[in-house]
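Work through the exercises below with the sequence and the coordinates at hand. Try each task before reading its solution.

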Amino acid sequence: MAREIAVTLYLFMFSILFKVSKWFPLKDKVVFVVSFSENNKSIYKEMMRQEVSCRTLFLTTEKMEKTFSALEKAETLLFDVKNPWDFISSVYHLATAKIVFVDNYYGFLAKSNFRHGVECVQLWHANGAIKKFGFEDPLIADRGKRAKKRFADVYKRFSKVAIGSEAMGSIFSKAFHVTEDRFIKTGIPRTDLFFDEKRKERALKKVHAAYPQLVGKKVVLYAPTYRQRGLTDVDMKLDLTMLANQLGGEYILLIRLHPAIRNQVEVPLELKDFVLDASLYRNMNELLLSTDVLITDYSSIPFEFALLNRPIIFFMYDMEAYELERGMWKEFRELIPGPVVTTSQEIVDVMREGVFDKTLVSAFAERWNEYSNGQSSQNIVEQIKEKLQG
């Protein structure tokens with residue numbers, strides 16, 4: 001109840017500011033509302049390459065502010081009521097921009113009645129999905145009518161949804177109740193890196209500069225999804241000592257955890273030569289380029305890593321419970337591109353036996369990256385240029 005009251009008050013305030021801001025004329029302006037970096041940065045850099053002439057702003061969280069304020073020729077605002085002037089300015093720019101990019105679910109969109117001709121483009125932060133979201137999320141059943149209507153109002157604002165495949169389009173149709181005519185088959189900008197050999201080489205050098213211990217080793221990356229419950233599961237379920245004893249020497253283990261988990265996990269000093277905590281390394285795709293074997297669970301990381309056609313192990317020790325709580329898309333379950341294990345010993349056994357079917361990984365990559373071919377950022381920028389020039 002308290003949550004709904006807070007949301008209602010926030011949206012009421014936003015609505016007033018947005019309506020007042022609409023008194024001002026539309027301008028050749030692109031606004032990015034960002035929770036994640038890669039897609040947004042890729043598009044912005046392509047805009048700079050093509051010399052797109054318009055004002056560009058990034059509305060960010062405090063966590064992402066440094067990432068985007070470092071970009072040349074762009075403006076950054078903290079889109080937070082705790083920063084009143086930045087917040088008011090953010091609403092003004094949302095109401096007067098011709099192009100608005102979003103990369104997540106944002107409640108304020110429920111009250112963002114954009115003017116005719118404005119494009120609100122959803123750049124979802126993953127090019128595939130394992131766990132359910134949107135209207136397919138099992139948790140939505142516990143929400144009230146007002147919340148469900150708000151969800152629907154948010155999804156209606158997406159005039160365009162960028163997709164990397166028909167498989168992901170099918171998921172968006174179910175999750176957002178959007179029709180196919182709103183899809184733009186541009187591919188996903190964050191995948192462009194995987195098709196550019198020079199960029200890949202530079203990225204790999206960055207990773208090795210940050211973690212020189214990786215050079216000459218086979219790298220295993222463990223990157224689990226964030227769980228709202230059981231934040232210490234990673235500490236209890238992944239037996240680091242056993243992995244070090246059985247895989248150490250030939251392999252080195254990188255761990256990349258959500259900050260809420262990372263703070264509760266300590267790597268024993270005696271394992272420092274085998275286990276490296278890379279949780280603070282910002283760019284996941286760069287870490288993937290250094291990875292020989294990926295261990296994950298319900299994260300969206302495999303959809304990009306599969307483009308490298310390297311082995312993936314799915315450490316799904318709580319699969320039944322997760323299925324009941326969050327749900328998994330059948331589109332993913334139809335073609336899991338690697339062995340599913342439930343114990344640390346099974347991870348070791350799979351690694352030692354080398355029972356990886358790379359044809360599965362290749363088929364998985366093709367299915368989920370159907371339209372991603374290294375030109376995704378360029379494809380999207382070409383579309384917004386037409387709108388800005390119109």
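The exercises cover sheets, aromatic rings, nonpolar cores and backbone angles in a predicted model.

**Exercise 1. The seven-stranded sheet**

Determine the strand order of the sheet that contains strand 1, and state which strands stand at its edges.

Solution.
- Step 1: 7 strands form this open sheet, in the order 3-2-1-4-5-6-7, and their pairing is parallel.
- Step 2: Strand 3 (75-78) and strand 7 (183-184) each have a single partner strand, so one side of each is left without a neighbour in the sheet. These two are the edge strands.
- Step 3: Within the sheet, 6 bridges join strand 1 (residues 27-34) to strand 2 (residues 55-60) in the parallel sense. F32 stands opposite F58 of strand 2.
- Step 4: Helix 4 (residues 84-96) packs on this sheet and touches strand 1, strand 2, strand 3 and strand 4 (97-102). The direction of helix 4 makes about 125° with that of strand 1.

**Exercise 2. The six-stranded sheet**

Repeat the analysis for the open sheet of 6 strands.

Solution.
- Step 1: The order is 10-9-8-11-12-13, with parallel pairing.
- Step 2: Strand 10 (275-277) and strand 13 (340-341) have a single partner strand each, so they stand at the edges with one side lacking a neighbour in the sheet.
- Step 3: Strand 9 (residues 251-255) and strand 10 run parallel and are joined by 3 bridges. L253 has V275 in strand 10 as its bridge partner.
- Step 4: Helix 15 (residues 344-353) lies across strand 8 (218-222), strand 9, strand 11 (293-296), strand 12 (312-315) and strand 13. The angle between helix 15 and strand 12 is about 165°.

**Exercise 3. Two aromatic pairs**

Classify the ring pair of Y10 and F87, then that of F332 and F364.

Solution.
- Step 1: A pair of aromatic rings is described by the distance of the centres and the angle of the planes. The structure holds 35 aromatic pairs.
- Step 2: For Y10 and F87 the ring centres are 5.9 Å apart and the planes are at 55°, so the pair is tilted.
- Step 3: Y10 belongs to helix 1 (residues 2-21) and F87 to helix 4, so the pair ties together parts that are 77 residues apart in sequence.
- Step 4: Y10 has a relative accessible area of 26% and is partly exposed, whereas F87, at 3%, counts as buried.
- Step 5: The rings of F332 and F364 have centres 6.2 Å apart and planes at 85°, so this pair is edge-to-face. F332 lies in helix 14 (residues 330-333) and F364 in helix 16 (residues 358-368), 32 residues apart. Both residues are buried.

**Exercise 4. Aromatic cluster and nonpolar cores**

Locate F172 in the aromatic cluster and in the largest nonpolar core, and list its contacts.

Solution.
- Step 1: One aromatic cluster is formed by Y105, W124, F133, F135, F151, Y155, F158, F172, F176 and W329. The charged end of K132 sits over the ring of W329, 5.9 Å from its centre.
- Step 2: The largest nonpolar core has 82 residues, and V33, L94, F133 and F172 have the most contacts inside it. Helix 6 (residues 166-176) gives the most to this core, with 6 residues.
- Step 3: Leaving out residues up to four places away in sequence, F172 touches W124, F133, V161, A162, I163, H177, V178 and F183.
- Step 4: A second, separate core has 25 residues, including L247, Y251, L253 and L271.

**Exercise 5. Positive phi**

Which phi values do K73 and H177 have, and where do these residues lie?

Solution.
- Step 1: Most residues other than glycine have a negative phi.
- Step 2: Phi of K73 is near 70°, a positive value. K73 is in the loop between helix 3 (65-69) and strand 3, and at 68% relative accessibility it counts as exposed.
- Step 3: Phi of H177 is near 55°, also positive. H177 is in the loop between helix 6 and strand 7, and its relative accessibility of 51% makes it exposed.

**Exercise 6. Surroundings of E166**

Describe the location and contacts of E166.

Solution.
- Step 1: E166 is in helix 6 and counts as partly exposed, at 31% relative accessibility.
- Step 2: Apart from neighbours within four places in sequence, E166 is in contact with E180, K185, E370 and Y371.
- Step 3: F101 is 65 residues from E166 along the chain, and their C-alpha atoms are separated by 21 Å.

Note on methods: Residues numbered from 1 in each chain as written. Predicted model: local features only at pLDDT ≥ 70, side-chain atom pairs only at ≥ 80, totals over all residues. Heavy atoms only, no water. Pairing = 2+ DSSP bridges. Helix = DSSP H or I, 4+ residues; strand = E, 2+ residues; numbered from the N terminus. Contact = heavy atoms within 4.5 Å. Axes fitted to C-alpha atoms, helices over the stretch in contact; angles between N-to-C directions. Phe/Tyr/Trp six-rings, centres within 6.5 Å; stacked < 30°, edge-to-face > 60°. Buried < 20%, exposed > 50% of the residue type's maximum accessible area, 1.4 Å probe, protein only. Lys NZ or Arg CZ within 6 Å of the ring centre and 35° of its normal. Core = buried A, V, L, I, M, F, W, Y, C linked by side-chain atoms within 4.5 Å.
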